[in-house]
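Student: Please pick one part of this model and take me through it closely. I'm happy with cut-offs and numbers, so don't hold back on them.

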Amino acid sequence: MRTPARRFGLILPLLLLALSAACSPVYVIRAGLHEARILSRRRPIARVIEDPATAPAVRHKLDVVLQARAYAEHSLDLAAGDSYTTYSWVSHDTLLMVVTASRPDRFQAHTWWFPVVGRVPYKGYFDFEKAYADAAKLREQGLDTYVRPSGAFSTLGWFNDPLLSTILRYGDVSLATTVVHEILHNTVYIPSQVAFNESFASFVGDRGAIDFLCARDGESAPTCDLAKRNWHDTLLYGAFLSDLVHRLEAVYRREDLTTAAKLTQKVALLAAAKVRFSAEVEPSLQTTGYRGFLNQEVNNATLIGVRLYYERLEVFERVYERYGGDLPRATRAMIDAAKASPSDPYGAMERLVQATPRQ
């Protein structure tokens, strides 16, 4: 399932305890070597911008990254640390591949455990062939699988995350969204609450891009307009995904159906979802980012893997509205609420909506 490039980031929990008995030492060591290569190639972005050999288009994009980083740090009060102050070139367009797997008859993700971040429903691979091979093994076990590319990641502030050349193909809006999204992860990460972590970062990244670009370029600027249209489509797509998941969950919960009957109804629901998307969602989209849904295979693994970034976005939007559209204040309130209720961060958002007088 295709989603906009800015959605392809993930947490990289591979490098923190290199020989943890709870995950494959070989996997961790390989990931550590790849990360070491990336870190060894870092150059200060300011120096790359000043370098006469740097192409003007690259210089412009690097400047956007520094500006977005400064916005995240100073306007949103996020813990930027030294992230995105350096630049690292990699030899291909895709940084790593991400594998997601699920039971085919229920939304029960296959998970992996890593130090610090806990259980996560995905695993990143710098070795692309290994990603597809492991996904094939999971399919042999009867699981739905999904393999997708990723162009960015966060190490939650444990390392000085560099800007990677893989994301320089993005435009200004996607660059700003990605930078704010990833720096949000440095600021707050609730262990074993992956959907909350990613969807909250999606909200702050998208809303942050609007705030930053509309202030920098003006309300009538194309970048400001595109950032707003992206967020409109993200909310629309997120609502569509949630509806589809709820329809499938209703079938999976039925105790009177055999597994075969559930899978038959699943196929029918997924086919109907594409018809509904074409008739009801696509005509309302204001950008091209989500139109690829019609051309992609959809299964439980793809829905789990993609939905992480869109889970209950509307609750963050409601908090934002309660704070009168003041993104810095709303973001700080949501961070504090999530940290105070790590076992139920979405519930904390709902309580925040109820407790906050409309401003």
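Tutor: What follows is a close look at one sheet and its surroundings.

First, the ground rules. This is a predicted model, so to speak, with local features needing pLDDT of at least 70 and side-chain atom pairs counting only at pLDDT 80 or more, while totals for chains, interfaces and linings use all residues. Residues are numbered from 1 along each chain as its sequence is written, and side-chain values use heavy atoms, leaving out hydrogens and water.

Now the sheet. It's open, with three strands in the order β7-β4-β8 and antiparallel pairing; helices (H or I, at least four residues) and strands (E, at least two) are DSSP runs numbered from the N terminus, and two strands pair if DSSP finds at least two bridges between them. At the edges stand β7 and β8 (144-150), each with a single partner strand, so one side of each has no neighbour in the sheet. From one strand to the next, the twist averages 25°; axes are lines fitted to C-alpha atoms (for helices, over the stretch in contact), and angles run from 0 to 180 degrees between N-to-C directions.

Zoom in on the β4 and β7 pair. Strand β4 (residues 96-102) is joined to β7 by three bridges, and the two run antiparallel. Across from methionine 97 you'll find tyrosine 125 in β7. Helix α4 (residues 128-140) packs on this sheet and touches β4, β7 and β8, where contact means heavy atoms within 4.5 Å. The direction of α4 makes about 5° with that of β4.

Next, lysine 123, which lies in β7 (residues 123-125). Its relative accessibility is 12%, so lysine 123 counts as buried (under 20% relative accessible area; over 50% is exposed, in between is partly exposed, with a 1.4 Å probe and protein chains only). Its C-alpha is 5.5 Å from that of valine 98, although the two residues are 25 apart along the chain.

Finally, the cores: sets of buried Ala, Val, Leu, Ile, Met, Phe, Trp, Tyr and Cys residues joined through side-chain atoms within 4.5 Å. The largest nonpolar core has 88 residues, and those touching the most other members are Leu163, Phe200, Phe203, Phe316, Met334 and Met349. Helix α6 (residues 194-217) gives the most to it, with 11 residues. Separate from that is a second core of 10 residues, and that's where methionine 97 turns up again: Met97, Trp112, Leu138 and Leu143 are among its members.
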